[in-house]
Structures are given as C-alpha cells and as structure tokens.
Amino acid sequence: MAKAAVSIRLGRPGDARAVGVLVRRMTRRWILPDQSREAGLALLSRQSAAVQRGHMEEGHRFHLAWLGDTLVGVATMRDDSHLTQLFVGTRYQGRGIARRLWQRAMADAVRRAGTRRFTLNASRCAVPVYRRLGFVATGPERPSPNGVLTTPMELECVLVRSQRA
C-alpha cells in the first residue's frame, strides 16, 4: 500500500484548534526545555486556538501540511515577511515537510508582496533547521520582551534574472 501524500493548503479559522494543539505540543517538546518557567507559560498562552484564530483573522498567512485528516505541520507568516511559526509534528520530522512549508510560505509572500527579505526569531533547537533553509543569524541569542530566548535570523532572496543570447 502506498503512503499517503502530504498536502499543503492555506489555513482557515476552523483550523485554529488543530493548529493550537500541534503548536503547543511541539513547543512543550522542543522549546520549553530551554526557557524559564515564566517565559514558557507566557509563550504557551500566546499559542491557544483563540490566539491562532485571531492571527488568521488579522491576516497572518497559515500554511498547513495535512496527511489525510491529520495536521502534521504549520508555517505562519506575518506581514508577508516575518515567519512567526514553523512546526512539524515529531513523528513527521525528517520527511522534508518543514522545507515544503517554508518554500510555500516564501513563494506566497514573494507573489503577494514581492518580499525579498524574511526574518524570524529562532528557538535554540530550531537554529540548525533555519540555517539549512538558508537563514543566517543577525545577532546573538537573547530574551524577547516576553523573556523567551531566541536568535534573530534573516534570509535575503537573490533575484536571478535569465540571460538572453
């Protein structure tokens, strides 16, 4: 029997609960071990279904990876330039889903706004992932205003022009 293919589509407010569950689960597993208790609780409070739905309604672009009826990944872009979330369920990591989500979110932002510079704030465990996607650190790890330790990163897209003979 063939494996089911992962499909990617834009998120809708009705997806907020599934997004909140996935993001909070991955945050507990991968991000909270490097954070203070206070920063971790504050971070989790900003990842609820209600907050995710609010971001959707504010215009953040949610790109969701589904395997059948199971949400396996999410990439969220604010202002067509700042990646606020990129999570893939632990069981589905190592399959190229994060790269596909990033490429979809990036292409969407380039198409919609002509974006050429992308930014994000990476948790400690995510820095190597973002480096593999082409991002570079623009400063040292530091606490955000909410106390979450992150490394600011950016990616500059190079516009390649075709040459005519």
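This is a selection-by-selection tour of a predicted model, covering its two largest pockets, one helix and some of its salt bridges.

**Stop 1: the largest pocket**

Select T84, Q85, L86, F87 and Y130, the lining residues that lie nearest the centre of the largest pocket. The space here comes to about 1200 Å³, and the full lining runs to 41 residues. To see where the walls come from, colour α1, α3 (49–58), β3 (70–78), β4 (82–88), α4, β5 and α5, each of which gives two or more residues to the lining. Strand β4 contributes the most, with seven residues. By residue class, the lining of the largest pocket holds 20 nonpolar, 16 polar and five charged residues.

**Stop 2: the second largest pocket**

Next select A18, V21, L22, R25, M26, T70, L71, V72, G89, T90, R91 and Y92, which line the second largest pocket. Its volume is about 150 Å³. Which elements supply at least two residues each to this lining? They are α1 and β3, and α1 has the largest share, with five residues. Seven of the lining residues of this second pocket are nonpolar, three are polar and two are charged.

**Stop 3: helix α2**

Select residues 37–45, which make up helix α2, and highlight its buried residues A39, G40, L43 and L44. Look down the axis of α2: the buried residues fall within an arc of 130 degrees, so they line one face of the helix. Now show α1 (16–31), which is part of what covers these buried residues. Turn to the face of α2 pointing away from the buried side, where the exposed residues R37 and E38 sit.

**Stop 4: salt bridges**

The structure holds nine salt bridges. Side chains of opposite charge can pair when their charged atoms come close. Three of the pairs are visited here, starting within a helix.

Select R111 and D108, which form a salt bridge with the closest N and O atoms 2.8 Å apart. Both residues lie in helix α4 (residues 97–113), three residues apart, or about one turn of the helix. An α-helix has 3.6 residues a turn, so residues three or four places apart point the same way. Is each partner buried or exposed? R111 is exposed, at 61% relative accessibility, whereas D108 is buried, with a relative accessible area of 8%.

Move to E141 and R124, whose side chains meet in a salt bridge with an N to O distance of 2.6 Å. This pair links distant parts of the chain, 17 residues apart: E141 is in the loop between β6 (136–137) and β7 (142–143), and R124 is in the loop between β5 (117–122) and α5 (127–132). Both count as partly exposed, E141 with a relative accessible area of 31% and R124 with 40%. Add D34 to the selection: salt bridges that share partners join D34, R124 and E141 into one network.

Finish at D79 and R78, where the side chains meet in a salt bridge at 3.8 Å, N to O. D79 is exposed, at 64% relative accessibility, while R78 is partly exposed, with a relative accessible area of 33%.

Terms used. Residues numbered from 1 in each chain as written. Predicted model: local features only at pLDDT ≥ 70, side-chain atom pairs only at ≥ 80, totals over all residues. Heavy atoms only, no water. Salt bridge = Lys/Arg side-chain N within 4 Å of Asp/Glu carboxyl O. Buried < 20%, exposed > 50% of the residue type's maximum accessible area, 1.4 Å probe, protein only. Helix = DSSP H or I, 4+ residues; strand = E, 2+ residues; numbered from the N terminus. Arc of directions from axis to C-beta. Contact = heavy atoms within 4.5 Å. 1 Å grid on protein atoms, 1.4 Å probe; cavity = no way out; pocket = protein on both sides within 12 Å on 5 of 7 lines; lining within 4 Å. Points joined across faces, edges and corners; volume = space filled by probe spheres on them. Nonpolar A, V, L, I, M, F, W, Y, C, P; charged D, E, K, R; others polar.
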